[in-house]
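I opened this model to look up its fold, its helices, its core and the shell around its ligand. My entries follow in the order in which I made them.

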Amino acid sequence: MREVTPSATRTEMTWIVMPGQTNALDTVFGGQVMAWIDVCAAVAAQRFARGAVVTASMDSLLFRAPIRKGDIAVLQATVNWAGRTSMEVGVRVDAEDPNTGARVHTSTAYLTFVALDEDGNKREVPRLKCETEDERRRCADAEVRRQRRLQARAEDKERRA
Ligand SMILES: CC(C)(COP(=O)(O)OP(=O)(O)OC[C@H]1O[C@@H](n2cnc3c(N)ncnc32)[C@H](O)[C@@H]1OP(=O)(O)O)[C@@H](O)C(=O)NCCC(=O)NCCS
């Protein structure tokens, strides 16, 4: 089976926050940040799975600090964990002051993607080869989050049954 390291999936995206993306307080809309997160995470997932992926879930998201008009929004994504057909991607969002370069960590998001083939059926993903202590820790933490998600999913199914 093909093996891919987390570092091979690493994706960074940057945007200058424009007036059309901000609210009356001149800070970026939450939904805009979520859209950026989804795109950045999808690129990391595609670099891992090398093909189509769909977002299965995004964990609850905390906006710890605002990103202001004119700031540089910096998103960094990496695949943390992989199963048979799914993978978890972690995304860190920072606001960078263009004048000083100072960065503030504004959000961390965790998303699950599922790999699909040309017919839209689920397909197996490569093995994630963790090489560093940090990568192994992130993978172990992701496994704990996955169990919580599967539990929440099962409870949701039960409620709807
Ligand atoms: C995501 C989707 C493909 C899952 O299909 P499914 O038949 O329910 O999938 P399964 O139950 O077989 O799960 C497939 C994998 O995803 C994982 N998974 C599915 N939902 C999950 C969730 N909410 N949280 C964590 N993992 C999840 C499963 O554990 C399994 O992992 P594994 O193969 O690595 O062990 C399907 O629900 C779907 O198409 N959803 C809509 C996706 C979409 O439109 N996204 C937005 C636009 S991209």
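The entries below go from the whole chain to single residues.

**Basis.** I worked on a predicted model, in which local features need pLDDT of at least 70 and side-chain atom pairs count only at pLDDT 80 or more, while totals for chains, interfaces and linings use all residues. Residues are numbered from 1 along each chain as its sequence is written.

**Fold.** I looked up the secondary structure first and found two helices and seven strands, where helices (H or I, at least four residues) and strands (E, at least two) are DSSP runs numbered from the N terminus. Read from the N terminus on, the order is β-β-α-β-β-β-β-β-α. The radius of gyration is 17 Å, close to the 15 Å that the globule rule gives for 161 residues, so the protein is as compact as a globular protein of that length; the radius is taken over C-alpha atoms, and the rule is 2.2 Å times the number of residues to the power 0.38. Along the principal axes, the C-alpha atoms fill a box of roughly 45 × 40 × 30 Å.

**Contacts and burial.** I noted that 73% of the contacts between residues at least 6 apart in sequence join residues at least 24 apart, a contact being two C-beta atoms, placed from the backbone, within 7 Å. Buried residues make up 28% of the 161 residues; a residue is buried if 20 or more other C-beta atoms lie within 10 Å of its own, exposed if 12 or fewer, and partly exposed in between, with C-beta atoms placed from the backbone.

**Helix α1 and the core.** Helix α1 has 20 residues and reaches 28 Å from its first C-alpha to its last, close to the 28 Å expected at 1.5 Å a residue, the expected span being 1.5 Å times one less than the number of residues. Its buried residues include Val33, Trp36, Ile37, Cys40 and Ala41, and what covers the buried residues of α1 includes β1 (3-4), β2, β3, β4 (72-82), β5 (86-96) and β6. In the largest nonpolar core, which has 33 residues, Ile37, Ala41, Ala45, Met87, Val89 and Val91 touch the most other members; such a core is a set of buried Ala, Val, Leu, Ile, Met, Phe, Trp, Tyr and Cys residues joined through C-beta atoms within 7 Å. I found that α1 gives the most to this core, with nine residues. Leaving aside neighbours within four places in sequence, Ile37 is in contact with Leu75, Val91, Val93 and Ala109.

**Positive phi.** I checked two residues other than glycine with a positive phi: Asp26, near 60 degrees, and Arg50, near 50 degrees. Asp26 sits in the loop between β2 (11-16) and α1 (30-49) and is exposed, with 12 other C-beta atoms within 10 Å. Arg50 lies in the loop between α1 and β3 and is partly exposed, with 13 such atoms within 10 Å.

**Ligand shell and Arg145.** Which residues are closest to the ligand? Of the 15 that surround the ligand, the closest are Ala56, Gly83, Arg84, Thr85 and Ser86, a residue being near if its C-beta atom, placed from the backbone, lies within 6 Å. The elements β3 (53-58), β6 (103-115) and α2 each supply at least two residues of this shell. Arg145 lies in helix α2 (residues 133-160) and is partly exposed, with 16 C-beta neighbours inside 10 Å. Apart from neighbours within four places in sequence, Arg145 is in contact with Asp59, Glu88 and Tyr110.
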